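Open the model in your viewer and keep the sequence panel beside it. We will go from stop to stop, and at each one you select something and look around.

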Amino acid sequence: MSAKTIELPTQMTVRDLAQRIEASPIEVIKILMSNGVMANINQMVDYDTAAIVAAELGFETSVERAEDEPEVKENGEIPLWKQIISKEDPKNLVNRPPVVTILGHVDHGKTTLLDAIRNTDVAGGEAGGITQHIGAYQIEHKGRQISFLDTPGHAAFTAMRARGAQGADIVILVVAANDGVMPQTKEAIAHAQAARVPIIVALNKIDRPDANPDFTKKQLAEAGLVPDEWDGDTMIVPVSAKQRKGLPDLMEAILLVADSNEIMANPQGKVMGTVIEANLDKAKGVMATLLVQNGTLQMGDVVLAGKAMGRIRAMFDYRGKKIRSAPPSTPVQIMGLSDVPTAGDIFNVYHNEKDARAVVMQLKLEEDEKKANTAKVSLEDLFSRYKSGETKELKLIIKVDVQGSLEPIMNSLKDLNKEGEIKVNILHGETGNITENDVNLATASKAVILGFNVQADVSARRLAETEGISLRLYDIIYRMIEDIEKALKGMLEPEFKEVFAGTANVLAVFKISKVGAVAGCRVTQGEVRRNNKVRIKRGTDIVYEGEISSLKHEKDDVREVRQGFECGISFKNFNTFQVGDVIECYTLEKNS
């Protein structure tokens with residue numbers, strides 16, 4: 001079945017994109033989140049980002065161009081480095097080494113292939129002698145250089161693209177001949193095709209006795225990569241990364257594809273490129289790996305990457321050797337940035353630190369303004385927001401314990417919809433505890449999270465508090481429905497929220513006459529107070545919710561025990577705790 005083809009503009013909202021590809025906005029938001037892009041329904045996305053979403057839903061895309069629209073548009077379908085090169089004088093353009101990234105299904109041999117390629121580098125007699133891993137490296141084949149991004153995985157690949165970067169000129173898709181096309185293989189194909197990057201298939205593990213190259217080629221053809229030997233346009237190179245067979249053929253294929261795609265740059269032009277990775281080294285400060293895509297990066301240049309800026313104090317090649325300049329397609333590691341940039345950030349060179357600092361200040365102002373304009377969502381203020389015209393619907397994310405509970409809850413909530421009132425819109429419903437992903441989805445779509453007979457992960461609770469997301473837990477269905485009904489009518493009283501107090505681990509269980517069972521515990525976080533509410537977890541199961549009846553430190557009754565100390569705890573109407581149980585303590589505070 002051939003993919004449907006649609007035209008997309010260079011800029012559109014998430015809502016518009018959803019309508020064009022006939023998907024729900026929540027489905028689009030989830031795909032964006034999986035690719036590292038946080039967006040709400042009214043946020044603008046560029047063509048590249050929209051094309052990734054469309055490709056995952058089975059669409060082929062082309063750019064919708066108005067007659068008077070210029071050929072190159074900022075943040076449009078053309079990567080930023082290509083936009084800059086398009087403005088260079090063609091006389092100054094020269095061929096540059098191709099930049100290659102490796103994608104594929106987990107366990108199909110991406111890392112083994114990268115290691116094998118790295119160790120084929122005999123230029124300078126340094127085979128296997130790489131002294132420093134910086135996320136990218138270069139090899140030489142027949143007197144020509146090839147740069148590799150050592151960041152396998154389509155998540156890293158698309159995260160870079162979502163920020164306007166396109167680090168790779170060529171994608172090598174690793175497919176195991178004994179395993180064939182797998183789900184992640186199809187995802188990688190979709191991402192590479194959305195990026196309009198040529199694909200070379202490395203048919204790996206051909207040395208395995210269970211290898212079936214012909215069947216794998218058939219699967220690839222069905223996935224849209226027809227082998228050139230079958231009159232298609234995809235080069236498929238048999239290799240064995242483990243035995244280092246077929247690697248020269250793979251290098252030859254890369255150079256052939258590079259020659260047919262005119263990979264060029266102006267070494268004397270505007271300096272720009274992409275951040276491959278960055279980290280904070282305790283001894284050296286911020287270390288950032290950059291891929292130069294146009295111009296020549298020099299020692300002492302003032303670099304701005306995202307909101308991180310600074311003057312280059314030291315620059316190293318992929319072997320860890322100090323260098324003073326880096327022409328196009330060169331991966332380098334630099335010292336001197338003020339902050340740690342994000343992988344995928346575009347970097348530019350400025351004349352002086354004052355100019356770069358002014359840009360950083362402007363970016364921070366824009367970010368603060370965006371945060372200030374982000375409204376927080378809660379059930380309590382829903383009705384007033386409806387009255388003021390800010391909202392027309394209540395967006396909900398539902399998490400329940402078992403599948404049997406999900407349908408009746410969703411049906412009961414949908415039944416609350418009435419003509420002329422606030423509409424209930426259930427964005428997402430599934431079984432399982434509330435996780436950070438649920439909170440991220442709620443943040444992006446301004447939704448409220450409801451849980452029935454489930455718990456929220458500690459990390460999810462913290463994120464919800466930071467993002468101002470209303471997270472409400474219930475153990476009786478009618479109370480959940482009643483609260484939503486009251487919220488729709490503006491009658492809901494402020495809820496009580498849980499405030500984390502501390503956790504303790506049960507190390508031993510003691511039987512004491514006249515008292516019963518006592519849990520011998522160590523407080524691992526915060527503090528345990530006698531008036532705390534408690535929740536006892538055994539693995540992922542909650543075995544008790546209630547109150548502390550007594551709290552002792554050594555033999556004394558105490559009001560509280562802090563982190564690092566041991567104590568004895570007994571609980572009201574519960575004594576079947578076990579070694580290894582985790583006690584979560586909290587208080588309830590009324591929301592203001």
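**First stop: a loop close to the start of the numbering**

Select glutamate 22, which sits in the loop between helix H1 (14–20) and helix H2. Helices (H or I, at least four residues) and strands (E, at least two) are DSSP runs, numbered from the N terminus. Is glutamate 22 buried or exposed? At 70% relative accessibility, glutamate 22 counts as exposed. Here, buried means under 20% relative accessible area, exposed means over 50%, and partly exposed lies in between (1.4 Å probe, protein chains only). Glutamate 22 also has a positive phi of about 55°, although it is not a glycine. Most residues other than glycine have a negative phi.

A word on what you are viewing: this is a predicted model, where local features need pLDDT of at least 70 and side-chain atom pairs count only at pLDDT 80 or more, while totals for chains, interfaces and linings use all residues. Residues are numbered from 1 along each chain as its sequence is written, and side-chain values use heavy atoms, with hydrogens and water left out.

**Zoom out**

Now show the whole protein chain as a cartoon. How many helices and strands are there? The protein chain has 15 helices and 33 strands. Of its 592 residues, 49% count as buried. Contact means heavy atoms within 4.5 Å. Among contacts in the protein chain with a separation of 6 or more, 70% are between residues 24 or more positions apart.

**Second stop: a six-stranded sheet**

Select strands S6 to S11. They make an open sheet in the order S7-S8-S6-S9-S10-S11, with mixed pairing. Two strands pair if DSSP finds at least two bridges between them. Look at the edges: strand S7 (136–141) and strand S11 (235–238) each have a single partner strand, so one side of each is left without a neighbour in the sheet. Neighbouring strands of this sheet are turned by 30° against each other on average, direction ignored.

Next, pick out strand S9 (residues 170–176) and strand S10 (residues 199–204), which run parallel and are joined by six bridges. Which residue of S10 is the bridge partner of alanine 176? That partner is asparagine 204.

Add helix H9 (residues 247–260), which packs on the sheet and touches S6, S7, S8, S9, S10 and S11. The direction of H9 makes about 100° with that of S8. Then add helix H5 (residues 110–118), which lies across strand S6 (99–104), S7, strand S8 (144–149), S9 and S10, running at about 150° to S6. For these angles, axes are lines fitted to C-alpha atoms, for helices over the stretch in contact, and angles run from 0 to 180 degrees between N-to-C directions.

Before leaving, select aspartate 231, in the loop between helix H8 (213–222) and S11. Aspartate 231 is exposed, with a relative accessible area of 77%, and its phi is positive, near 65°.

**Third stop: a covered strand**

Select strand S16 (residues 302–305). Val302 and Leu304 on one side, and Val303 and Ala305 on the other, are all buried, so both faces of S16 are covered. Strand S17 (residues 308–311) runs antiparallel to S16, and four bridges join the two. Valine 303 stands opposite glycine 310 in S17. Two residues lie between the strands of this hairpin, where glycine 306 takes a positive phi near 65°. S16 is also joined by four bridges to strand S21 (residues 346–350), again antiparallel, with valine 302 opposite tyrosine 350.

**Fourth stop: a helix with two sides**

Select helix H12 (residues 403–414). Its twelve residues reach 17 Å from first C-alpha to last, close to the 16 Å expected at 1.5 Å a residue; the expected span is 1.5 Å times one less than the number of residues. Which residues of H12 are buried? They are Ser405, Leu406, Ile409, Met410 and Leu413. These residues cover an arc of only 120° around the axis, which puts them on the same side of H12; the arc is that of the directions from the helix axis to the C-beta atoms. On the other side of H12, Gly404 and Glu407 are exposed.

**Last stop: a buried serine**

Select serine 570, in strand S32 (residues 566–571). Serine 570 is buried, with a relative accessible area of 7%. Leaving out residues up to four places away in sequence, serine 570 touches Ala517, Val518, Ile548, Ser549 and Ser550. To finish, find glycine 520: it is 50 residues from serine 570 along the chain, and their C-alpha atoms are separated by 9.2 Å.
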